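Biologist: I have not looked at this one before, so could you take me through it step by step?
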Amino acid sequence: MKNLFWKVLTFFLIPLAFAYGQEKVITGTVSDSDGLVLPGVNIVVEGTTNGTQTDFDGNYSITVSEGEVLVFTYIGLKTSTRVVGDANVINIQMEMDAQALDEVLVVGFGQTSKRRLTDNIASISSEQIREVPVPNLQSTLVGKAAGVQITQVNGKAESGIQVRVRGVSTITGSQEPLYVVDGIPIINNNESVNDSPINPLIGINPDDIESIEILKDASSAAIYGARGTNGVVLITTKKGKQGKTNVSLRSSFGVSQATNKREWLNTEEYVELFTEAGLNSGFSEDELAGIFNIFSENEEDWREGLVDTDWQDLALVEGDVQDIGVSVSGGNEKTRFFISTGYNKTNGIVRGNRVERYSFRANMDHNVSDRFKIGINSAISKTQISRLSDDNAFATPLQAVAQIPFSRPFTDDGVTPNNETLYYNFLFQEFNADHNVNVWRNILNLFGEYQITDNLRFRTEFGYDLNNQVEERFFGSLTEFAATNGNADINSVQNEKYVLNNYFTYDNSFGPVDLNLVGGMSFEQDNRTLQTVEGQDFPSDDLQTIDSAGEIVAGGSSRTFFNFLSYFGRANATILGKYILKGSFRIDGSSRFGEEQRYGVFPAFSGGWIISEENFLKGNTALSNLKLRASWGLTGNAEIGNFDSRTLLGARTYNQNPGLSITQLGDPELGWEETTQTNFGIDLGFLNNRITASVDYYTKITDGILLDVPVPSTSGVQTVVRNSGELENKGLEFVLNTRNFVGDKFNWSTSFNIATNKNEVTALPNDADIIAVENIARVGEPIASFFLVEYAGVNSETGDAQFYRNTLLPDGTRDREKTNNFGEASRVVAGNPFPEIIAGLTNNLNFGGFDASFTLQGQWGASVYNRGGVFQSTNAHSLDNQSRDQLRRWQQPGDITDVPQARLDGGNGNQESTRFLDEADFVRLRNLTLGYTFPSGITEKLKIQRLRLYFTGINLLTFTDYNSWDPEATADFNAGNTLSAGIEFYSAPPAKTFTFGFNLDF
Amino acid sequence: MKHLNLILLLLATFFFVRCDDNLELEPAQSLTPGPVLANPENTRDLLIAAYDFAGENEVLSGQSQLASELLANVGELTWRGTFVEPDEFDIKQMTAPNFFVQELWEISYEGINQTNVILDNLQVSDESDIIEGEAKFIRGTLYFELARFFALPYEAGSTNSQLGLPIMLEGVVDAGAITFPTRNTLEEVYDQIIRDLNDAYNLLPLSNDIFADRYAAQAVLARAYLQQGNYAAARDAADDVLNNSGHALATTYAEAFNNETDGIEDIFMWQITPQDGENDFNTFWAIRDFGGRSITGDVTVEAPYFDLFTGSDDRSTFFYEGSGTIVTSKWQSQFANVPYLRIAEMHLIRAESNFRLGTAVGLSPEDEINTLRVRSNAVPIAGLTLQDILDERKRELGFEGHALHDAKRLQLSIDGRPYNDDLLVFPIPQRELDANPNLEPNPGYSN
């Protein structure tokens, strides 16, 4: 009865409702021009705050009044509007925004749309990051951004990562880009206690990242002034969105192994080669047997091959990776939040190496009023690392390949490592030593934004970054510290940074001109304190803290700091929607520089012309976008020591008496290094932007390079930091994105980038070479070129190693005579450690619920010098086990080979020469992902929004002719040294990982 | 305009950070030269650091002595270590980038500059004579050690115009004062060495704790005169030390080594403590259990060395076993001081000089040699010859870093190379040649 009443009443009221604009419920489906449903489309009633979003199937439902206007917006698509009329169902097919994908990009102190962009910025979205589980932030970018080379130093899990944006533009200063998280520059200092760097960004959970923008050209980077030269990496973390609360859960597990292992001599081969080598050098068989017996437990071990240890297999082990994360996000009109936590555990492929990271993030923003918004982004993480020695230590696992194959790894009990080995047995590190690091990282950022007028906005940001690291080492009584009954040290570092940004933003339109102005200031203070203590003589190997040390042998503390004070401004004008002009400046002052050079000014200008907006092209779908860009600007590099401009005396003790010595001679004129960068670009879009491409050409000229200028040591120091020298980088970048197949069920898109870089040193102090062991900075050559004696193979009559004399003759050519006397040969420039071409190719495919993607990454033109070669591959010069290729040594007159006669301790070709230099071109299947997303019909019944299972493989295939472990693995102890680039020394190859995982959204 | 106040407020906060003050920071671990050099109290601090430079393991606490022993090695030793640099010494194929060579040059000149800074800024005080003497002792000693390695041998009785070292006598305390010197002749370098050490002798006190006293200067002079073949001066200098320094032979041979404090026999030692300094004799000559690098000992002693001995002699058994190898017991203690000037050496210098000159200043050569022999329970020699004295030198001073310099002074051939072979002279470090175009390389090294 009650029901009937309502039905009747409704019947009567409906006409009234129509007449008076009564509310009703509209439903519908939103799809794109290809008919694919679009989840997450924003739908609002124009002029109100009433709004909703489409669900996973593109469906929506909203209560509106007739006559009101529904506005449908979605990134990259044209905004659609519909007036609510009779119909209760409004289905919308949204059109591609043919003019340009109006993507929003984060830039320094603001945002811009891709359409209005005159800069060169590479952008990576969370979708791209999310596809592939990687343990660190930087690895997400590999192969994705043109002109950005990303290389993990070597295969240790916490290893530092080198990011080179458009080549190397400094010599002594840092080459790393500036990292800015949510507007705040963060600490990027390696705090490792040994020479193997720890990735300073290891505590950042890649899954918290919404987008990464890399500011490559001066027009975008100059707003960061004295720190813009190496590019700027802007990281935006995920924020909550208004609407339903989303819960995302992800979990993956993978196993890993080395990408490559090398071949070494087994016992039989070792005995054969070294016996031959010994006899050639005048040792008797008895003497050789005596030597072999030292390193074998029983004579039969080597005579009969009873022991045949594969030391490489002991060093490179199977690893695994576990990654778990949960995030919750959501919000209402006033308050939005994003909360996440993650756990990552990586058991490295190098024995004894492990990383565990716990991370937490809470981002929140709140509208205090219509005009006033505040927020906080905060992250805290703890990373625990079980570390290894740096590559230049016997204790580093990979140096075990030098051990003799008939030495047993363990004693008879099978547990205690064997002490009677050629080199210190690294297995003691696991058995009787510990090396642990805890890193606590806290990045916090508070902001307030006030809309002063409709056009003028003020934003203040306060950032605090704390990198707190404690590194503890213990070496027990069986290790290298046997003579002192063990040794332990602890090293504690606190590095904190305060940043204050205040700036105004003004947006307005004056007739045909859209104007955007930004102006403000920034202050930054960075403090670092360190405490260290070392002890010896432990009563027991089970007492590993310094409390138990019998003697404290070293201790210390230090403090250091630097400040930056900066003012900046930017004006951006778009005229008639097609002519774009931009100008910016930054004034930077730093405590690091000499008094006379304290402030620097960094201007930049750029312009763009969207030709496709002109009448003759407008609406053309074949050529749907055509834009020309040009920019010029000045950036700096300030990454040197905090007090490099001064002459200093520091403590130097003798017999524990206090003393003072000159530690550096300073140049009071020291200032920043300045880079002038010019960029020309063209953006193209075809077929309604199904194909987009851009081409950029740049030149980067750096002068006043921050340089450790070598001076005669007769002056009491070896180097002085000066602004000296000039170098340039030139290059071409090409990016192509295509949507090859767009359909209801099947989609395929491709993204390809390739970049060239030509580096040349154009001036040095007095045009004199600067040489760092195997590398050289020489005018007219790429920076850090290899500088080596040229190996000329083997004399087929004598078996002697030969070298080209390469003496400079009066006519300017070089003497190409061969000599077997190393001392007679001159060094020559022999290769470039940096690639001339880098490229990446990514394909994404979707078929129904299946998805697949893969990225190929390649580089060409670089060489790597294997400094370990003088031990590994020297036809049995020293007792080190040899690479297997040494078996093709010269044995009798007439033999044609590249390996000289084996001579134990005979010095036949073991000198540093191009014999150990090799080209490092490679193409790598960086990742391959196969996934399946369950149909929403099934998952919805389980109250699950989305469930995806996937497999990901990282570094599955590497195509290279490089003859050592890996073309990307380099000596970690050189990582901080610009000039010593491209040097390998027992450097672990990267991991090849096979991962299975799932993502679950509620 | 209701927002005006707010804008003003924001503008005020905008500039609230005072500008330049925040950019004036002073380092916490370092001082600038002005106040240090003006303060006489700091002069001793500068001197302490000068000792530290000279006593570095790369300079006079092991590395240079290792080079001397290996370069002169003709089978008494085996190099079993893995460092490339000593291997180059051992096979007499040094290259200009040899890092041991480079470190010796660099750190020695850091020490020399440090002494120059001290001498430039010396202000008269109670202590200033002593400080001047010590600085000159260090400077003269460093030039002497460098000259023996980096120049062709000193030829007695002729003008030694062969390339020596750049003589630096003015301290560099600012980058503008850096010079690009050429090499002086070896004769000029020896003149400087003898001038510095004579000045030191005259300025230094009779004893000076662990630091250099006048007899330390005299002992280095004795060594330098011997190297020049100036036997009379060598004899008299050694005689002065033996008679007046108060030092004497330790009771037993073993007591002369592995001492953590200066002993009766030590005229001068480089100080090592667990906290400070590194004994590279120990690093290379001891086995791992005693702080060395390898289980065999990086340098082991072979049969030909033992051929020097006939009959019982404590010095022929002052060895222990490595892994099937024989290593010297001289450097068994990781934190022992490095004996730099031992009284035994003075006996040997006086005996040899007396013998060559046919004199018997202080003691007859035969008695002097037998004094050493008796200490080691060896049978005394009757009818002493020069060869006996030289053999005694090897028995007594073996592995202490004299081998190369003795071979050159005695014009012995090494592995078929004449004593004055180019390749028995250190190359001028490649780094130095690269940094200083005025520096001439040594003959025989072209890359």
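Modeller: We can go through the contact between the chains, then a helix, the domains and the sheets.

Biologist: Before that, what kind of model is it, and how are things numbered?
Modeller: The model is predicted, so local features need pLDDT of at least 70 and side-chain atom pairs count only at pLDDT 80 or more, while totals for chains, interfaces and linings use all residues. Residues are numbered from 1 along each chain as its sequence is written, and chains are lettered from A and ligands numbered from 1 in the order in which they are written.

Biologist: How many residues does each chain put into the contact?
Modeller: Chain B brings 76 residues and chain A brings 75, where two residues are in contact if their C-beta atoms, placed from the backbone, lie within 7 Å.

Biologist: Which helix of chain B gives the most to that side?
Modeller: Helix 6 of chain B does, with seven residues; helices (H or I, at least four residues) and strands (E, at least two) are DSSP runs, numbered from the N terminus. By class, the side of chain B that touches chain A holds 38 nonpolar, 26 polar and 12 charged residues, with Ala, Val, Leu, Ile, Met, Phe, Trp, Tyr, Cys and Pro counted as nonpolar, Asp, Glu, Lys and Arg as charged, and the others, Gly among them, as polar.

Biologist: And what joins strand 30 of chain A to strand 1 of chain B?
Modeller: Two bridges join strand 30 (residues 648-651) of chain A to strand 1 of chain B, and the two run antiparallel; strands pair if DSSP finds at least two bridges between them. A:Gly650 has B:Ser30 as its bridge partner there.

Biologist: Switching to helix 3 of chain B, is it mostly covered or mostly uncovered?
Modeller: Helix 3 of chain B is mostly covered, with 11 of its 12 residues buried, which requires 20 or more other C-beta atoms within 10 Å of a residue's own, C-beta atoms being placed from the backbone. Among the buried residues are B:Leu46, B:Ile48 and B:Phe53.

Biologist: What covers them?
Modeller: The cover includes strand 31 (660-664) of chain A, together with helix 6 (99-120) and helix 7 (128-150) of chain B.

Biologist: How is chain B divided?
Modeller: Chain B is divided into domain 1 (40-204 + 416-441) and domain 2 (249-271 + 311-410), with bounds that come from an automatic or database domain assignment. The centres of these two domains of chain B, taken over C-alpha atoms, are separated by 25 Å, and 13 residues of domain 1 are in contact with 13 residues of domain 2. Helix 4 (residues 63-71) of chain B supplies the largest share of the side of domain 1 that touches domain 2, namely five residues.

Biologist: Now chain A: in what order do the strands of the sheet with strand 39 come?
Modeller: Four strands of chain A form an open sheet in the order 39-40-41-45, with antiparallel pairing. Strand 39 (770-772) and strand 45 (827-831) of chain A stand at the edges with a single partner strand each, so one side of each is left without a neighbour in the sheet.

Biologist: Which residue stands opposite A:Ile770?
Modeller: A:Ala777 in strand 40 of chain A stands opposite A:Ile770, and strands 39 and 40 of chain A pair over three bridges.

Biologist: What about the sheet with strand 3 of chain A?
Modeller: That open sheet of chain A has four strands in the order 3-2-5-6, paired antiparallel, and its edge strands are strand 3 (51-53) and strand 6 (80-83). Four bridges join strand 2 (residues 42-45) to strand 5 (residues 69-73) of chain A, and A:Ile43 stands opposite A:Phe72.
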